[in-house]
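Visitor: I'd like a close look at one part of this structure, please: the aromatic side chains and what sits around them. Take your time and walk me through it as one story.

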Amino acid sequence: MGVATTRVSTREAVLAAVRLFTDEGFDGTTMDGIAAATGVSRRSLFRRFGSKEDLLFAEHDELFETVVRYMEASPEAPTATVVTAARLVFQGYVRDPEITVPRYRLVRAHPRLRDREVAMTARYQAAFSRYLAQSAGDDRPSLEVEMVAAAVIAAHNHVLRGWLRAPGDAGVWDRFDEAMTRIADLAAPLIGGAGAERGGSSARAAGEGERVLVAVYPSGTDPSDLLRRVSEAVERDR
């Protein structure tokens, strides 16, 4: 009999791989072994994910695309949008410790995986910088924009590292929100002033007849579901 062709979710594939990497070592695990654990063919696994490194970070490749689409559709002010985007990324880690905690340990133990994570972080920072620059009508990010994007990433990673060392910590979201509030305060005089970020949307609405959309969502909302809700709300408000 051939290997089952049932399609598994990205999470199922990543979880199976992380478990094998933990039990057998990253170098000792083969794509054949992961294919057997997930019930799909080796060929299908390679076609879908490419390599062990690609598979290990596959969920975050999908999350990155979700975050970019969210920023493109967001009705919030620029800094608030980037902060919410960072929250989506953070949620992607915190909601699934069964994957993220052992992956963190694997990354610390393997330099090439650390390089991949560094590249992923740089990709988020570049996306945040690009969004902030475009929101300001600039072709290229200014020094101030680069500083704000880097600060958002630094604050995110600072809180995340603490959680990864103690994933049972119930106060992680309070610390995350506090860190992002501090970043928003620091960003205000750098890219438009406090009025542009905190009261600018309301001021423009009053002065130009525009409408303000406020989005409230539970902390456990799936990123793709959040993007769908915001997109639908924006379309209804047009």
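Guide: Let's start with what counts as a charge over a ring: NZ of a Lys or CZ of an Arg has to be within 6 Å of the ring centre and within 35 degrees of the ring normal. By that rule, Arg-123 sits over the face of Phe-64, 4.2 Å from the centre of the ring. Keep in mind that this is a predicted model.

Phe-64 is a handy way in, since together with Tyr-124 and Phe-128 it makes up one aromatic cluster. Now follow Tyr-124. Setting aside residues up to four places away in sequence, Tyr-124 touches His-60, Leu-63, Phe-64, Val-67, Val-89 and Ile-153. Two names from the cluster turn up again in the largest nonpolar core, which has 63 residues: Tyr-124 and Phe-128, along with Val-67 and Met-71, are the ones that touch the most other members. If you ask which helix puts the most into that core, the answer is H9, residues 143-165, with ten residues.

How many aromatic pairs does the structure hold? There are six. A quick word on how to read them: a pair of rings is described by how far apart the centres are and by the angle between the planes. One of the six is Phe-90 with Phe-176, a stacked pair with 4.5 Å from centre to centre and 25 degrees between the planes. Phe-90 belongs to helix H6 and Phe-176 to helix H10 (residues 172-187), so this pair ties together parts of the chain that are 86 residues apart in sequence. Phe-176 also pairs with Trp-173, this time edge-to-face, at 5.7 Å centre to centre and 80 degrees between the planes. Here both partners come from helix H10, three residues apart, or about one turn of the helix. Trp-173 and Phe-176 are both buried.

Stay with Phe-90 for a moment. Helix H6, where this residue lies, covers residues 78-94. Buried or exposed, then, for Phe-90? With a relative accessible area of 0%, Phe-90 counts as buried because the cut-off for that label is under 20%. Beyond its neighbours within four places in sequence, Phe-90 is in contact with His-156, Val-159, Leu-160, Val-172, Trp-173 and Phe-176. Val-159 is 69 residues away along the chain, yet its C-alpha is separated from that of Phe-90 by 9.0 Å.

There's another charge over a ring to look at as well: Lys-52 lies over the face of Phe-26, at 4.6 Å from the ring centre.

Now zoom out to see what these rings are set in. The chain has twelve helices and zero strands. Of its 238 residues, 42% count as buried. Contacts that reach far along the sequence feature here too: among those between residues at least 6 apart, 71% join residues at least 24 apart. As for the outside, the chain exposes about 12,700 Å², and carbon and sulfur atoms supply 51% of that area.

To come back to where we began, the rings give you two places to click on: the cluster of Phe-64, Tyr-124 and Phe-128, and the stacked pair of Phe-90 and Phe-176, both of them buried.

Conventions: Residues numbered from 1 in each chain as written. Predicted model: local features only at pLDDT ≥ 70, side-chain atom pairs only at ≥ 80, totals over all residues. Heavy atoms only, no water. Core = buried A, V, L, I, M, F, W, Y, C linked by side-chain atoms within 4.5 Å. Buried < 20%, exposed > 50% of the residue type's maximum accessible area, 1.4 Å probe, protein only. Helix = DSSP H or I, 4+ residues; strand = E, 2+ residues; numbered from the N terminus. Contact = heavy atoms within 4.5 Å. Phe/Tyr/Trp six-rings, centres within 6.5 Å; stacked < 30°, edge-to-face > 60°. Areas by Shrake-Rupley, 256 points an atom, 1.4 Å probe, with all protein chains shown as cover.
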